[in-house]
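Here are my notes on this one, written so you can follow along with the model open beside you. Take the points in order and find each residue as you go.

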Amino acid sequence: MASFLSSLRYLLADFIGEDDGAPPFLPDGLPDEANAIVSDAIHRLMDYQGASYAQLYVDRLSRFVGRQDVDAAMFCEIARLMAARMCYEDPIRIAQLKLGELDSGSAGAPSTDLKKFRLDELIGSLPAYAAEPVLEALDMVGWRHKRVSIPFSTASRWGVRRLKLEAGLRRWRQFSTRYEEERVWVERWLHMIARSLAKQPAAAPAIVDTATMIQGYGDVYRQGLADWHAIIDNLAKPTFDGVLPLSDLAGAIVEARAAAMSDPRQVALKHAIAETRARALAAGASAAAE
């Protein structure tokens, strides 16, 4: 509840126009190695969304400041990966980056990038009150997962104008269905890290690193997200709940991720998870019988 209210406060700050302030201060007690990472992340999040969003990042990160069970290397990874996930690639961000290339002159000649999205991913970037009825209509005709190609172009005045309109949706991003999905994901990832530190500390770095499974947009993003939930729901959470006697959760996560890498249908991943669970349950039953 506290994390939800915190997110809501920053969302409302953005809505009423109080999001153009100064960057938040670095949290007290940061490991020296993390200063540059956190500072860069704050400025990146300022560009991505605004000051209140950067403050949300700092507040989330502060949960791990000063913890004896989180060394500098782990803290730096949490800081780096959380910033990457909070700057998720929606169409708004792609438009922002394309305009940034134009403004800086780094893109060279005017160009057009063609990006492939699912319809629900495009619609999900809109405010929820506008997106939800459209998504319901797409469900009715079976088009929610239909793929479309969208040009992001600086090759014409209309292309640049459209990029500016898309980038301007940044103001409404935190009211979108996609933002809510990302908020829930980040909070669950942080919760799983905290549970691992309490229940199986040796697995915590592997839990932290699972954030790298979710990248990009379109099919790559959706597949990574599905694989992440499969691993967390079937290996990590049952272990932390005491339902699955898995002594080497870190090793199990590495095996599962290797199985998932080249299998978009999750056949190999599901098989690897089932085998791991079977071995753990058999070992647990044997230990109990002794």
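**Notes on the model**

1. Let's begin with empty space. The structure holds one cavity of 30 Å³ or more. Keep in mind throughout that this is a predicted model. The general idea behind the search is simple: rolling a probe the size of a water molecule over the atoms shows where empty space is left. Here, the largest cavity takes in about 50 Å³ of space.

2. Which residues line the largest cavity? Click through Y53, L56, R60, R85, M86, Y88, Y179, E182, R183 and V186 and you'll have the lining. In terms of character, six of the lining residues are nonpolar and four are charged, with no polar ones.

3. Now ask where the lining comes from. Helices α3 (51-62), α4 (72-86) and α9 each give at least two residues to the lining of the largest cavity. Helix α9 has the largest share of that lining, with four residues. So hang on to α9 for a moment, because DSSP puts this helix at residues 177-199, and it comes back in point 5.

4. Some of those names turn up again when you look at the rings. Y48, Y53, Y88 and Y179 are linked by ring pairs into a cluster. Three names here should ring a bell: Y53, Y88 and Y179 are also among the residues lining the largest cavity. As for Y48, have a look at what is over its face: R173 lies there, at 3.8 Å from the ring centre. There's another arrangement of this kind at F152, where the charged end of R162 sits over the ring, 5.9 Å from its centre.

5. How many aromatic pairs does the count come to? With ring centres required to lie within 6.5 Å of each other, the count comes to eight aromatic pairs. One to check by eye is W185 with W189: the ring centres are 5.7 Å apart and the planes are at 15°, so this pair is stacked. Planes under 30 degrees apart are what earns that word. Both tryptophans lie in helix α9, four residues apart, which is about one turn of the helix.

6. Are these two tryptophans buried or exposed? W185 has 5% relative accessibility, so it counts as buried. W189 is at 0%, so it counts as buried too. While you're at W189, try a distance: S149 is 40 residues away in sequence, and the two C-alpha atoms are 31 Å apart in space.

7. Two more distances make good practice. D120, in helix α6 (residues 119-123), is 27 residues from R147 in sequence and 9.1 Å from it in space, C-alpha to C-alpha. D120 is buried, with a relative accessible area of 7%. Next, go to W143, in the loop between α7 (128-141) and β2 (147-153). W143 and K164 are 21 residues apart in sequence and 27 Å apart in space, again C-alpha to C-alpha. With a relative accessible area of 45%, W143 is partly exposed.

8. On to the cysteines. As a reminder, a disulfide is a covalent bond between the sulfur atoms of two cysteines. The count of disulfides here comes to zero. Why does C76 not form one? The closest cysteine sulfur to that of C76 is in C87, 17 Å away, which is too far for a bond. Starting from C87 gives the matching result: the closest cysteine sulfur is in C76, at 17 Å, and again that's too far. For a disulfide, the sulfurs would have to be within 2.5 Å. C76 counts as buried at 10% relative accessibility, and C87 counts as buried at 6%.

9. Last, a backbone detail. Q266 has a positive phi of about 70°, although this residue is not a glycine. You'll find Q266 in the loop between α12 (249-260) and α13 (267-289). Is Q266 buried or exposed? Q266 is buried, with a relative accessible area of 13%.

How values were computed:
Residues numbered from 1 in each chain as written. Predicted model: local features only at pLDDT ≥ 70, side-chain atom pairs only at ≥ 80, totals over all residues. Heavy atoms only, no water. Phe/Tyr/Trp six-rings, centres within 6.5 Å; stacked < 30°, edge-to-face > 60°. Buried < 20%, exposed > 50% of the residue type's maximum accessible area, 1.4 Å probe, protein only. Lys NZ or Arg CZ within 6 Å of the ring centre and 35° of its normal. 1 Å grid on protein atoms, 1.4 Å probe; cavity = no way out; pocket = protein on both sides within 12 Å on 5 of 7 lines; lining within 4 Å. Points joined across faces, edges and corners; volume = space filled by probe spheres on them. Nonpolar A, V, L, I, M, F, W, Y, C, P; charged D, E, K, R; others polar.
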